[in-house]
Each structure stands twice: as structure tokens, then as C-alpha cells.
Amino acid sequence: MCRMQTQVAEAIDQYRAVRRRVGFFDYSGRGKIVVEGPDRITFLQSMISNEVVALEEGTGNLASFLTARGKMVCLFYLYKLAEHILLDMEGGDIENSLSTFDKFVIMDDVRFQDATPDWGHLSLQGPETAGIVSELFSKPLPADLSMKEVESEGAQGWLIGMTRYATGCDLLFPPAVTARLAERLQELGVPSVHSEVEEMLRIESCRPRWGVDVDSDNNPLEARLDAAVSLSKGCYSGQEVISKATYVGGVGRLLMGLEIEAEETPPRGTAVLDEQSRRVGTVTSAAHSPALGRPIALAYLRKAVSRPGQQVALEL
């Protein structure tokens, strides 16, 4: 078997592992910010798009910091712990996020610290995740975005319920322990999933990636990140725009999943055309879907053509 055939076979095996059994992803490149100080909860409550005060200790949510125009500065998972708050985000966004939060700290006693080097990060995904968690920690799988403190090799870490592409969890441990956990998972027959395979799973699941499908030009609602927005909490930056988009005018475009009736996977930036060959959108990411046996993509489309079953064309 040639090298290319071997790579394709390995990719399909990893894909099937996540869909049918379990696989793991190394997300140690994701950034971590620790928020400390007695005003941390009230400060974030007044700044970000989702709830902080009402969160129970040991739970989290998806949230964003928005500009006054409702555009996202950063996107992150927020976890509320006893002594601090942990933000988990794409690693390349740490410096900008830290400087943005710091600009708004005036009288509040709150501190933001880059804790990325302190944490390794693995994610288990697949229908057999609970069995692997029980094997590793003798613990049940937590509910989504709920945390349990666990131990491995004498080190304390976090087990977090996290459904990305299937039932799953995230494991946060010091980097050296994370490396040994990865080895242990492979000993248990859990394969490491490569980034190319993750793109297949991510796009099939219509999960936008920061810096690829969503960035500072986007409103969270047009990116279908409604889970990052609370419509019931008090004022925060960008709330008026979000409220109007929800209850009055909506948004002008929406992120949609495309099934492509062609063999070629379109590159990022490919124009999407309507029946009159007018440009109505742009592809943000694409991959081959093993489930469908064809290419798929995520694309922003004008609201008028953002309907399930709508026929569009690609300018290839």
C-alpha cells in the first residue's frame, strides 16, 4: 500500500473511532486565562455575553466579549471555580484577549493571567467515552460543561463534560501528566485523531472555528453561536445590538452547512452564487465527509438564501 493510501486508511479509522467508539484530540495549544480577584464575577457579568453570576460553581458555558457594535473580540468557554474563573479559548487569541480585558479594568479588583503553559488539554470524543473515563479515574462522565476534580499520577486535574462531535469530555492536567495520559489512552486502544480528520468531524457538526469561520468581523448570532448569548442577564457590551437582532431585525447573513455535488473540495474564500449567478455568500472551510461520501463546507449566506434545502452554486 502506498503512503497516500495508508494515510487515507488511517484517517478513515480515526473518523470511525470517534463516530463508533472513541478517539482523542490534543488541544494543548488552546489558551487558558485565569481570572482572579474579589470582583471577578461582577466584572465579567457586566462585560461578557453570557451568564456568570447565575452559574453554579463547577459549571461553565460558552461566552464572548463583544464590542459596542456586537462584534466578537474573543470566544471562549468559561468555567466558574471556587477561587477563580478559567477561560479556555483558541491559543492564538490570548494576547489580544488579555489586553482587551485589561483596558476595561478601572476600579475593579480583578486580575487576568495567561495560564496556558500550566495546562495540557486532551478531549475524548465518542460513544464509548464513559467507559474510558471509568477506566482512567473510576468516575462517571460529567454532564456537559460540568467539572469534576480528578487525579492522575499524584497530580490534580479537571474532568469536564464536553460534547464536540459526539458524547465526550475534556481533560486538563499539567503538561507532563497530559503526555502520559495520551500514552495511556493509546495503550487502551484509543487513537489520537489528526487535525485533518477533526476538520471532517467539525464541519459535519457545523461547529465554527475561531479564526477560520468566525472572527472579530462576526456577530455571534450570524455564526449560530446562540449558546454564547444570554437574553435575560443585565447589561453588557453589545447587548443592545444582540437584542435588536433577536427581537427586531435579525441578521443579514447566517453560517450554513453545504453539501457539495462535486468531487473537488472548494478552497476557503470560494464564492457562493444564487440561481442568477449573483454572489450570495463565501465558503469559510471545507472538507470531505466520509458519512456523505462527498465534500461539505461551511459558508456565510445572505439571509434570503439561508434556508435548509436551498440550492446554490459554487464559483469553482
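In this predicted model, the side chains of R202 and D213 meet in a salt bridge, with 2.6 Å from N to O. This pair links distant parts of the chain, for R202 belongs to helix α6 whereas D213 lies in the loop between α6 and α7, eleven residues apart. Both R202 and D213 are buried.

A second contact involves helix α6 and the loop between α6 and α7. Here the side chains of E199 and R209 form a salt bridge at 3.0 Å, N to O. E199 sits in helix α6, which covers residues 195-204, and R209 in the loop that leads to α7 (239-247), so the pair ties together parts that are ten residues apart in sequence. R209 has a relative accessibility of 21% and therefore counts as partly exposed, because the term buried is kept for values under 20%.

Helix α7 offers a further example. Within this helix, the side chains of E240 and K244 meet in a salt bridge of 3.3 Å, again given from N to O. The two residues are four positions apart in helix α7, which means that about one helical turn separates E240 from K244. E240 is exposed, its relative accessible area being 57%, while K244, at 49% relative accessibility, counts as partly exposed.

Some of these contacts belong to a wider arrangement. Salt bridges with shared partners join E198, E199, R202, R209 and D213 into one network. In total, the structure holds 17 salt bridges.

Note on methods. Residues are numbered from 1 along each chain as its sequence is written. This is a predicted model: local features need pLDDT of at least 70, side-chain atom pairs count only at pLDDT 80 or more; totals for chains, interfaces and linings use all residues. Side-chain values use heavy atoms; hydrogens and water are left out. A salt bridge is a side-chain nitrogen of Lys or Arg within 4 Å of a carboxyl oxygen of Asp or Glu. Buried means under 20% relative accessible area, exposed over 50%, partly exposed in between (1.4 Å probe, protein chains only).
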